[in-house]
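Reader: I'd like to learn how to read a structure like this one, feature by feature. Can you walk me through it?

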Amino acid sequence: MNPADIINIVKARNPHEPEFVQAAEEVILSIAPVLEKNPEFVRLRLLERMLEPERMISFRVTWLDDKGEVQVNRGYRVQMNSAIGPYKGGLRFHPSVTPSVLKFLAFEQIFKNALTGIPMGGGKGGSDFDPKGKSENEIMKFCQAFMGELARHINHRLDVPAGDIGVGGREIGYLFGAYKKIKNEFTGVLTGKGIGWGGSLIRTEATGYGLVYFAENMLQTKNDSIKGKTCLVSGSGNVAQYAIEKIIQLGGKAVTASDSSGFIYDESGFSMEKLEFLKDLKNNRRGRIKEYAERFKNVVYKDLDEKADHNPLWAIKANCAFPCATQNEVNGKDANNLVKNGVTLLGEGANMPTTIEGINILIDNGVMYSPGKAANAGGVATSGLEMTQNFMGDHWTREAVDAKLQGIMKNIHDTSLAAAKEYGKPGNYMVGANIAGFLKVARAMQAQGVI
Ligand SMILES: NC(=O)C1=CN([C@@H]2O[C@H](COP(=O)(O)OP(=O)(O)OC[C@H]3O[C@@H](n4cnc5c(N)ncnc54)[C@H](OP(=O)(O)O)[C@@H]3O)[C@@H](O)[C@H]2O)C=CC1
Ligand SMILES: O=C(O)CCC(=O)C(=O)O
């Protein structure tokens with residue numbers, strides 16, 4: 001079967017799932033040469049099998065708000081593929097969560113986790129619950145109700161969730177507490193736990209740090225580095241904050257950040273002091289990014305215009321771009337603006353932030369482009385290190401975990417580059433990452449029979 005036929009089957013089987021179809025299409029087109037070289041993979045229908053979740057759990061989450069009123073949300077866990085290890089991947093709490101969004105994320109997670117070199121399968125979950133504007137008590141109540149059902153379907157050897165959009169250290173704490181109470185056991189069933197109760201040092205920083213380590217590896221292939229580079233960053237949550245921190249530490253200048261209301265442009269760049277303000281604003285006070293422009297001089301703030309055909313954040317002059325907010329935040333027009341304004345590297349901190357049209361424009365114009373499944377894999381990789389520490393009953397130092405993270409990011413970089421070269425697309429990190437991830441999972445599925 002040729003790639004176009006497989007894409008048509010995916011579209012027909014998942015008619016209302018545009019995000020999932022988009023993620024599938026990118027992988028199917030990338031791995032076409034692997035299928036040509038390995039007819040056995042085609043006969044075993046490995047790709048089609050990877051495109052169907054092994055199990056998808058959908059459940060009702062009922063909870064009482066502060067007014068004593070009953071609230072009803074939807075909860076999900078997509079257990080996508082367990083060929084190389086227990087299902088692993090975050091939980092997203094956001095009103096935009098649908099089966100399509102979680103299936104795309106779980107599908108991406110299969111290949112990302114394979115690239116880390118740590119034995120982890122792919123999974124993802126979440127809810128359409130909106131944490132914005134909820135009280136501390138309501139967040140806790142929701143997490144407890146969500147885990148009330150999820151606990152039946154996970155354990156530390158089967159499926160290990162973590163955070164994603166709307167799920168940070170606070171939510172992991174409430175989810176972990178609820179699981180412990182329901183199951184009467186203390187195990188590493190979640191990652192991103194607090195230091196002192198099973199968490200790993202550097203997990204909080206890992207996705208953002210790993211992203212910038214990956215970019216540094218890309219630049220090194222051109223005898224260049226982040227030092228002195230002006231960088232555009234979107235988002236202001238976990239990934240964005242630590243990407244900005246690592247850019248500053250490596251001598252670059254991060255000039256933007258955003259949230260779902262708008263973005264700030266600080267031409268003089270983030271300092272550590274300004275970053276601390278952002279962290280406090282977003283992690284403790286849970287305020288809007290606009291406050292950054294009110295607090296510091298010479299900062300431009302722009303409201304997000306949902307009807308606009310492009311995002312002006314990506315039209316600012318810079319060298320590097322790191323989308324770290326959400327899916328499809330860089331479209332074709334944005335990609336053209338990035339090229340026009342001198343950007344030569346785009347590293348995806350978010351999952352699938354660039355549309356297929358955007359990716360093609362970047363690659364055709366010689367921009368070094370790294371897909372999320374490679375560039376943002378540092379988060380899940382460090383979750384894997386947290387799982388290892390939990391199994392060993394050990395706790396590694398900050399330096400030890402950071403050194404492992406840097407090693408893993410270099411390895412993903414080199415493996416992706418080598419696969420791209422072997423399959424005739426030198427320098428194409430998207431093709432390389434998809435092929436390297438696919439091959440690892442495909443070989444495991446082949447060895448395990450038709451199940
Ligand atoms: N956390 C992790 O370890 C990993 C995360 N990722 C990916 O990174 C991205 C960011 O995750 P993370 O930083 O953890 O999440 P957070 O919830 O910490 O932050 C998300 C940020 O993105 C903004 N955002 C979310 N949805 C939208 C939207 N529809 N439009 C505009 N802005 C939006 C949020 O703004 P607002 O505050 O207004 O909602 C916030 O600034 C996601 O794509 C996630 O899947 C990838 C690998 C690992
Ligand atoms: O650490 C994890 O397990 C989750 C990370 C994640 O959700 C992601 O890589 O997108």
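Reader: Let's start with two helices: how are helix 6 and helix 18 oriented to each other?

Author: Keep in mind that this is a predicted model. For a helix pair, look at the crossing angle of the axes; anything from 65 to 115 degrees counts as roughly perpendicular. Here the axes of helix 6 (residues 99-116) and helix 18 (residues 429-447) cross at roughly 85 degrees and come within 8 Å, so helix 6 and helix 18 are roughly perpendicular to each other.

Reader: Which residues of helix 6 and helix 18 meet there?

Author: On the helix 6 side you'll find Ile110, Phe111, Lys112, Ala114 and Leu115. They meet a set from helix 18 that includes Ala433, Ala436, Phe438 and Val441. By class, this contact has 8 nonpolar, 2 polar and 2 charged residues.

Reader: Okay, zooming out: into which domains is the protein chain divided?

Author: With domains, check the bounds, then the spacing, then the contacts. The chain splits into domain 1 (52-183) and domain 2 (205-370). Their centres, taken over C-alpha atoms, are 27 Å apart. As for touching, 5 residues of domain 1 contact 4 residues of domain 2. The domain 1 side of that contact divides into 3 nonpolar, 1 polar and 1 charged.

Reader: Why does ligand 1 lie between domain 1 and domain 2?

Author: Look at who contributes to the shell. Both domain 1 and domain 2 give residues to the shell around ligand 1, so this ligand lies between them. In total, 24 residues surround ligand 1, and the closest are Gly237, Asp259, Ser260, Ala350 and Gly379. Helix 10 (residues 238-249) gives the largest share, 3 residues. Sorted by class, the shell of ligand 1 holds 6 nonpolar, 16 polar and 2 charged residues.

Reader: And which residues are around ligand 2?

Author: Same approach: list the shell, then ask where its members come from. Among the residues around ligand 2 are Lys88, Lys112, Asp164, Asn351, Gly379 and Ser383. Strand 3 (87-93) and helix 16 (378-392) each supply at least two residues of this shell. The class split for ligand 2 is 2 nonpolar, 6 polar and 3 charged. Gly379 turns up in the shells of both ligand 1 and ligand 2, and Lys112 of the helix 6 contact is also around ligand 2.

Reader: Where does UniProt place the feature "binding site"?

Author: Treat a record as a pointer, then check it in space. The unreviewed UniProt entry puts "binding site" at Thr207 and Asn238. These positions are spread over 32 residues of sequence, yet they cluster in space, with a largest C-alpha distance of 8.1 Å. Thr207 sits in helix 9 (residues 203-220).

Technical notes:
Residues are numbered from 1 along each chain as its sequence is written. Chains are lettered from A and ligands numbered from 1 in the order in which they are written. This is a predicted model: local features need pLDDT of at least 70, side-chain atom pairs count only at pLDDT 80 or more; totals for chains, interfaces and linings use all residues. A residue is near a molecule or strand if its C-beta atom, placed from the backbone, lies within 6 Å of it. Helices (H or I, at least four residues) and strands (E, at least two) are DSSP runs, numbered from the N terminus. Ala, Val, Leu, Ile, Met, Phe, Trp, Tyr, Cys and Pro count as nonpolar, Asp, Glu, Lys and Arg as charged, and the others, Gly among them, as polar. Domain bounds come from an automatic or database domain assignment. Axes are lines fitted to C-alpha atoms, for helices over the stretch in contact, and angles run from 0 to 180 degrees between N-to-C directions. Angles under 35 degrees count as roughly parallel, over 145 as roughly antiparallel, 65 to 115 as roughly perpendicular and the rest as oblique. Two residues are in contact if their C-beta atoms, placed from the backbone, lie within 7 Å. UniProt positions are given in the numbering used here, feature names are shortened, and annotations may be inferred rather than shown by experiment.
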